[in-house]
Amino acid sequence: MIKLSGKPVYQGIAMGPAAVLRKEDQPVKRIRIADTETEIARLKKAGKEASQQLQKLYEKAKKEVGESSAAIFEVHQMMLEDDDYLDAIHSMICTEMVNAEFAVAMTGDNFAAMFVGMDDDYMKARAADVKDISNRLIRNLSGEKEIDFASMEPSVIVADDLTPSETVQMDKEKILAFVTVHGSANSHTSILARMMNIPALIGVPVNLNEIRSGMTVMVDGFRGEAVFEPSEEIGMAARERIQKEQDKIKLLQELKGKENRTKDGRTINIYANIGSVSDVGYALENDAGGIGLFRSEFLYLGRDDYPSEEEQFQAYRQVVQTMAGKKVIIRTLDIGADKQADYFDLGKEDNPAMGYRAIRICLKEQEIFCTQLRALLRAAVYGNLSVMYPMITSVDEVTKIYEIVERVKEELDTNGIPYKVPEQGIMIETPAAVMISDELAEMVDFFSIGTNDLTQYTLAVDRQNERLDDFYNPHHKAILKMIQMVVDNAHIAGKWAGICGELGADPKLTKRFIDMGIDELSVAPSMILPLREIVREI
Ligand code: PEP
Ligand code: MG
């Protein structure tokens, strides 16, 4: 039994088999060996297994995506049998007396570097393949099973760290919990865990070399504990608590259909934050009054190219149609910082949170923005859609956005494509936007306060930096004063203001938000009914 502590980012309890996600380029330990023959025999066995795995993958891919896309696995098989590659590994084992894992890792790195240095683009691209087959061999040598997300049974994902693009690609039905060594409580991966109602712990000092996929693990997001191979006693207690949690969730179901009204008659809208079309199910299941934040950038992650206008139109239309007349606020692309997609080619920045992201990309690369706006204006015909722009810092940006929207309207008119101009709001997530919220309120239909970024920019605390989690304090007086200022300025102009950052779901502040005059809280779907319960007690 291994018991470890971490920081919970979503409270819940789960138990099941671990699925260990190893990062491709995790350092492999160099171990001095005496018996080179045994190492070479282990390498041979790992190679044979790799060859069988690749054959299976080839056949599966051929069926699912066609022969030409499946051919990559044939290339991998050929590389696996390449004499130069194998000779280099053998020679390193025998001359340097090192373990096979290390010899494979070093040879993989050397070959990849050689490919990258070549002039031919095709050969350059082989660097990733040689790394891939080396990683496969290392996995086989260490007895680690490859995780096949499609056929995986519901599991606890254990990883060094997860990026938002890795997380969005996972099948949510198959994830019982997340346990990661690194990560910050305010990162988008943590937000995704909360959105998916998945118990998650970060900062767990787990040694990934000691953990194998398939080991039972109990994750307690209340106490911040992960227990690998729990004792019978701990397992039984966990099963009881899981049952109790489920009963509690059932009790909350009684609040469905009831109003978010305080005892003295004040009401507040409680909406859901979502990241994908399929999340609408969670919103409805939890009786959301609407969608207060659809992070549309997740449509752009975990893929090789931009989603087309048609693809986006279908997604937005499906969301508004499914919400059947309830408000759906779709935020335009907020890519950059921790949400990276290679094809955007954003380049490395020293300070990405303050860098080229969100509306800045949209104003500079207007074709990307226009494609999304066309899709949004077209989808607005099918329901109650509003559009919201992220990372606004100036009046000038809003003016420019409106000019682009006008151009998009003209284009749609010219082509006779039906559309509707939706309500347009902005996110207030920079101190600059707070300070000019009186002027901005005159220009827009609503404000939604993004407390995640507002906290980051106001307190000068990088929300991604796990070492700063203790300094990241959204309860800071400065933030609460800013929220009040934004609400007041919205109301003076006759507009509404809500909160869609994580702070909106903080039950300790619900009463305070209502006293401030906040009109809407948009939160993870699982928080809707607990907040309703609190509101009804006020
Ligand atoms: C925010 O910054 O509070 C917000 C809701 O946007 P995101 O977390 O996606 O940056
Ligand atoms: Mg933000």
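Entry 1, helices α10 and α12. I take axes as lines fitted to C-alpha atoms, for helices over the stretch in contact, with angles run from 0 to 180 degrees between N-to-C directions. The model I am reading is a predicted one. I looked up helix α10, residues 309-322, against helix α12, residues 366-379, and found that they pack at an angle of about 35°. Their axes lie 8 Å apart. I noted the crossing of α10 and α12 as right-handed. From α10, I listed E309, E310, Q312, F313, Y316, R317 and V320 in the contact. From α12, I listed T371, Q372, R374, A375, L376, R378 and A379. Sorted by class, this contact of α10 with α12 holds six nonpolar, three polar and five charged residues.

Entry 2, helices α3 and α4. I then turned to helix α3, residues 83-96, and helix α4, residues 100-116. The axes of α3 and α4 are 9 Å apart, and the packing angle is about 135°. I therefore entered α3 as oblique to α4. The crossing of α3 and α4 is right-handed. On the α3 side I wrote down D84, Y85, A88, I89, M92 and I93 as contact residues. On the α4 side the contact residues are A100, A103, V104, M106, T107, G108, N110 and F111. The contact of α3 with α4 splits into ten nonpolar residues, three polar and one charged.

Entry 3, helices α16 and α17. Next I looked up α16 and helix α17, the latter covering residues 477-492. Their axes cross at roughly 125° and come within 10 Å. That angle makes α16 oblique to α17, so I recorded the pair that way. I logged the passage of α16 by α17 as a right-handed crossing. The contact takes T451, L454, T455 and T458 from α16. From α17 it takes A478, I479, M482 and I483. I counted no charged residues in the contact of α16 with α17, which has five nonpolar and three polar.

Entry 4, the cavity. How many cavities of 30 Å³ or more does the count come to? I found one cavity of 30 Å³ or more. The largest cavity holds about 80 Å³ of space. I have 15 residues lining the largest cavity, and those closest to its centre are R295, R331, M427, E429 and N452. Which elements give two or more residues to the lining of the largest cavity? They are β10, residues 290-295, and α16, residues 451-459. The largest share of this lining comes from α16, with three residues. By class, I entered three nonpolar, five polar and seven charged residues for the lining of the largest cavity.

Cross-reference. I note that α16 turns up twice in these entries: α16 passes α17 in a right-handed crossing, and α16 gives three residues to the lining of the largest cavity.

Key
Residues numbered from 1 in each chain as written. Chains lettered and ligands numbered in written order. Predicted model: local features only at pLDDT ≥ 70, side-chain atom pairs only at ≥ 80, totals over all residues. Heavy atoms only, no water. Helix = DSSP H or I, 4+ residues; strand = E, 2+ residues; numbered from the N terminus. Parallel < 35°, antiparallel > 145°, perpendicular 65-115°, else oblique. Left-handed = near helix turned anticlockwise from the far one by under 90°. Contact = heavy atoms within 4.5 Å. Nonpolar A, V, L, I, M, F, W, Y, C, P; charged D, E, K, R; others polar. 1 Å grid on protein atoms, 1.4 Å probe; cavity = no way out; pocket = protein on both sides within 12 Å on 5 of 7 lines; lining within 4 Å. Points joined across faces, edges and corners; volume = space filled by probe spheres on them.
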